[in-house]
Each structure stands twice: as structure tokens, then as C-alpha cells.
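Me: Please pick one part of this model and take me through it closely. Start with any backbone oddities along the way, and keep it chatty.

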Amino acid sequence: MIRTYDDYREIYRKSIENPEHFWDTIADQFVWHKRWTKTVDWNFNDPDVKWFVDGKFNITQNAIDRHLPLNSGKTAFIWEPNSPEGHKRIITYQNLHDEVCQLANTLKNLGVKKGDRVCIYMPMIPESVFAMLACARIGAVHSVVFAGFSSSALAGRIQDSDCKIVLTSDGAYRGPKDIPIKSVVDEALRECPGVEKVLMYKHTGTIVNLTEKDIIWQDVVPYASPVCEPEIMDSEDMLFILYTSGSTGKPKGVVHTCGGYMVYTCYTFQTVFQMDGLNDVNTNQNVFWCTADVGWITGHSYIAYGPLLAGASSVLFEGVPTFPDAGRFWNVIDKYKVTHFYTAPTAIRALEAAGLQYVAPYDLSSLKVLGSVGEPINEEAWQWYHKNIGKEKCPIVDTWWQTETGGIMISAIAGITPTKPGYATLPLPGIQPILVDEKGNEIPGNDVEGNLCIKFPWPSIVRTTYGDHARCRQAYFETYPGLYFTGDGCKRDHDGFYRITGRVDDVMNISGHRIGTAEVESAINSHIDVVESAVVGYPHDIKGQGIYAYVIVPSTTKNHDMLKKEIIAEVNKIIGPIAKPDKIQIVNGLPKTRSGKIMRRILRKVAEGEISNLGDTSTLLDPSVVEEIVKGRL
Ligand code: PRX
């Protein structure tokens, strides 16, 4: 256990000197059917990484059954519905066991077998977590798709991993909206003939169109047996696929495997947040709340797996931070006496902008630790969070990590590591970050800046990208041979503390959501009038980054406002509202080099409003294009 800053330094040192011993000690705290024979086997060239080799176990036995003898009545989840007038639900560890087993048996009855892929497209209700765990119980691989993605984005993901069955609900509440998500699934399935069954949970009561593939959850799950023996899995069997955007092409399916992911998410959850008393779950009064959606990695690791593996109690929230008003988060913290609160800078900035009158009515004295995730947190938002929410007594853990890392990599340990606004601070034990220059040379020492890489594997490192291992190599292991490349730029200050500066590739971070410029361009280009487009991120007060699109529409007869609306509708249809451009500038040409490459550096500067120094434009095919773009800047 890390109790002091000196402990941290000592444990960190040991974890680097002897990683096998360090991770063995942690992995030994779980229930294994058969212990592993080798801790780690790896090379970053193929890449080929295996942890806890030959170990056999089931993650749900560790996340649920292991807690039952002493803590069957302990709350696993408090579910807070979208509407504050709705009824909360309390799910104990025993309830969780029974629900997961009933659903697991239902999936078996529907023909799902070990290794089959199951798509989960559901709102933030406890059934979403049951669904993930039911898959894991029987060795099926879940692929959760955020329920805000469009039917075409959903179809692409179902096809890529060849899912056999889809779990969904009739509708989803999101603030004042009632979204008919089953109809999105229906639409997607027109392009997915491989899907055999759809299991639909009745949640909103929205009228749906039932087809012969559809089965209503409530008609079958409650009648299934609440006993389902866990499937014994190998450490390196696939646990789940989660799609994420890269700098090129379509989103890729990041693959995580059972053993390493279990060990790492539980360890990081316990370590970073320092949920006191976790080893003595009987007396533990702490309530954790991660506001992410289970459709993202943060929800996978710190709503579902991490807290459950640690035997913690957490809040599962269906709604949005601004409904019915901007006091909702603070209201829920007060209502359930939340002790550990984990959210994204974009939410903090939006709630800061709404004003302190929304914070004032609530008692936030239960809070002990605040967390931030998903994007760089600016100093102003950090200070606001620290002063007004943490009342200057709660440490802030600014946690840097990625879908591909599975769990938190660089972060303060609550109450132990000194914090600095804007700094993720120091690597967790077992994590070996290095900064490199463009050529891949290590940049040693402090007060330096470079591209962030990791030089040694950790248990939950991405294993492959589903169905395309070469893409995994190319995306993460080829830029700097022998290293895992994160895609992020990073500073290391005079104290050796890390500050993530943002992506150095063509990936944007919009409200903490990762979106590739190539994906948005491809969606825009599918509009009939568009011949070419280029998309860049620009600084946005609330979202962190906004999307700025330059679009060429040579022969359109439409009015530009109308055209822009149509382009936005096209992006909504192909990806979803999260990828909607904030600004669309109609242009006659794009700045290209003689070899035809778009000079995004210039487009980024124009979007940022930094037009006084656009840098060297002499290599452009047609420099006059730049003048026109600058003149028409939005
Ligand atoms: O650029 C970094 C940013 O989010 C990216 C990872 O996005 P995703 O895979 O969707 O996972 C988000 C949740 C873990 C990173 O490459 N990022 C994440 N956390 C931070 C961050 N940037 C700065 N500070 C952070 N704490």
C-alpha cells in the first residue's frame, strides 16, 4: 500500500527494477483457477504482449462472487435516473450476481458461445453493466458502442467485429430528450445480416417496431436461472473490443484481454483514488462516482470493472450535467454523499460557466477526492474545481490514459503526490514513460518537451486491433521502433512532473471525445455537393477543442446556410452529433504542397485565429488560396 510520497517513490523504483515481482504480488490478490507460469512475455515489434501467461480464471468471479461471502448486501451501484423525480435503484453485490447470471444464461440460450462477439448499444442503466459482465461470465467478447453514435457508425462496428447479437433498449433518456435507440439498431441491422438476435430492454416505453429477430429482455431474462458457473478463461483470452478513432481511416477495435486488464484496472482504481477501507469492505463508507458513459473506456474501467473488482460502491448516472439544471452533479453528490468524484474538464468548464448559484444550494462536504480525465485541464477550470467543488481540501487527480492503455497511466495518487494545476504529475508504479524527439531519440532530463512514449509493457496494454494486427503495429509501435507511441505531446518540468499538451497527430479531442479528422472529412465528403474538405481542431472555451471544417463545393446552387445545415446533418447521420462541425468555411481551394498534401498546419493556425505568422508558405502549389482562406475566416 502506498501511504506516503516516500512510499510511492520506493514502490515506483522497485516496480521498475523488478516488474515481474511487482505485478505478481498484485495479481496474487485475485482468485485464479490456475496460477500463471510467466508474468510477462513481450516484444514491441510484432507487437506481441502476454501477461500472466497460462493463468486461468474468470474476471466476473473476481468482480462479483469473490465479494459475496462477506459483502453480498453491500451496494455495488446506486442508479440515479435521468429525471430527478424518477426512482433510484440500489444494486447490491448479490443482486448483481443474480442479474448477471440470469442474463448470462439467457445469452447461452440464444446460442452465444465463448469467443462470440456481442454488441451492446444501451443507455446508462444498470443493465448495460450487467450486459458487459454477462458476456465476460460466459467468455463472450463485448463490444460496447456509445449510444450516441449513428446507425451507420453502429453498423460499421457491428460488421467489423462480426457481432452475432445486439443488446439494446427501446429508448434512452438524455436530459430533456427521449431518443429512440432501438430504431437506430433497426436501421443499422439492414447492413448487418450476420446479426441473429436483438435482445431489447424496455426502458422508456417508446413504441418500437418488433422484427422476428427481436426478443424483449423482460420476457426472458427474469425467467432464467440466477446461477451460471463462470467460464474458465485464459489470461490472454479476449475480454472486449472497444472502437476508437485514429489519425487515419475508420475507427479501430482496440482489444483488451482478461488477465492484464483485470489486474491493472483494479490496481489503478485502488491506488489513484485511495478509496480507504477497500480491504475491509464491511466498514467502507466511500461512494465513488465516475460520470463517464459505459460506451467509452473510462466507463469500462472505472464504472464497471475497476470499482467492482475492488468491491466498491458507485453511482451510475443516466442523465446529463445540465438537466434539469446545471446543479445536477452537485445535487447527486449531496444526495448520495459521494466521496470520490471523477469527471471530464469539459463538464467542469460548462458548469463553471453556468455560475456558482448552481453549486451553492448543495452540501458537498462528503467529497474527499476529485478526478479529471479525457483531455488537458486548463488552469482556470482546475482552480474552479479545486476551490468551489473541493473547497480546497480535496486533492485533484488529473489522470492521463487512453483506450489503448486500458487504465490510468500518469496521475497523482490522491493525497500523496503533490499536485500542480494542469499536470498529470507522475507515472504510476510499473509505468515507464519517456519523451522522444521527432527522430525517436530519447530526450533525457527535466524541463523538456517531446512526444510521449512508453518503453515497457504494463498489464492492460492494447493487444491488437481487431481483425487487423498490422494496423495495431503501424498505429502504435512503428513510429518509434521498440516503443509504444501514445500520439500525445508532453512536457516534463523541472521537478520531473508530466504535463500532457494534447495530440500531435490528426486526432481531435472534442469535449473529451476522441475524433479523427479523417473520419469527419469522409462524412462531410459524402454530401453530394462536396468535392473535398479538410478538418482541424481549434480551441473552444467549453469543449476544449471544436471542429473547424474547410469545404469545397464548386458547383452548388444552394444557399450557404442551407448547405452547411445539410453538411451537419450528413455528419450526424454518418458518425453522430458528437462529430458535428462547429464552424464550416466554404472555400475554393485548400493549401496543398506540390505533391498534393494538405498543409494542415496552416489550416490549424487560421482556425485558431493566429494569422499574423502562418509560417513558410513558399512550398504551396497556389499561395493565393491562403489569402482567400484568411479573408473568409469564421
Ligand atoms: O490526448 C489524450 C487525452 O485523451 C486521449 C485518449 O482518448 P481516449 O482513448 O478516448 O481515452 C480518454 C479517457 C482515458 C489521450 O491520448 N487525454 C486523456 N486523459 C488526459 C488527456 N489529455 C490530457 N490530460 C489527461 N488527463
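**A backbone quirk, then the ligand site**

Reply: Gln 274 sits in the loop between helix 10 (258–273) and strand 16 (287–290). Although Gln 274 is not a glycine, its phi is positive, at about 50 degrees. Bear in mind that this is a predicted model.

Two prolines are also worth a glance before the main stop. The peptide bond running from Asp 46 to Pro 47 is cis, with omega near -10 degrees. You'll find Pro 47 in the loop between strand 1 (38–43) and strand 2 (48–53). Phe 323 and Pro 324 are likewise joined by a cis peptide bond, with omega about -5 degrees, and Pro 324 belongs to the loop between strand 17 (313–317) and helix 12 (328–336).

Now for the part I'd zoom in on, the ligand site. There are 17 residues around the ligand, and those that come nearest are Asp 398, Thr 399, Thr 403, Asp 488 and Arg 514. Three side chains are worth picking out, with distances. For Asp 398, a side-chain N or O atom is 2.7 Å from a nitrogen atom of the ligand. Thr 403 has a polar side-chain atom 2.6 Å from a ligand oxygen. With Arg 514, an N or O atom of the side chain is 2.7 Å from an oxygen atom of the ligand. As for cover, the ligand would expose 540 Å² if taken alone, and the protein buries 96% of that.

What is that shell made of? By class, it has 6 nonpolar, 6 polar and 5 charged residues. If you'd rather think in secondary structure, helix 11 (297–309), strand 20 (396–399) and strand 25 (498–503) each supply at least two of the shell residues.

Helix 11 is a handy place to step outward from the ligand. Helix 6 (residues 126–138) packs with helix 11 at an angle of about 60 degrees, and their axes are 11 Å apart. That angle falls outside the 65 to 115 range for roughly perpendicular, so helix 6 and helix 11 are oblique to each other. Their crossing is right-handed.

One further helix pair, for reference: helix 7 (residues 151–161) and helix 8 (residues 181–189) pack at about 55 degrees, with axes 8 Å apart. Helix 7 and helix 8 are therefore oblique to each other, and their crossing is right-handed.

Conventions: Residues numbered from 1 in each chain as written. Predicted model: local features only at pLDDT ≥ 70, side-chain atom pairs only at ≥ 80, totals over all residues. Heavy atoms only, no water. Near = heavy atom within 4 Å. Polar contact = N/O pair within 3.5 Å; in protein donor to acceptor, adjacent residues only side chain to side chain. Areas by Shrake-Rupley, 256 points an atom, 1.4 Å probe, with all protein chains shown as cover. Helix = DSSP H or I, 4+ residues; strand = E, 2+ residues; numbered from the N terminus. Nonpolar A, V, L, I, M, F, W, Y, C, P; charged D, E, K, R; others polar. Axes fitted to C-alpha atoms, helices over the stretch in contact; angles between N-to-C directions. Parallel < 35°, antiparallel > 145°, perpendicular 65-115°, else oblique. Left-handed = near helix turned anticlockwise from the far one by under 90°.
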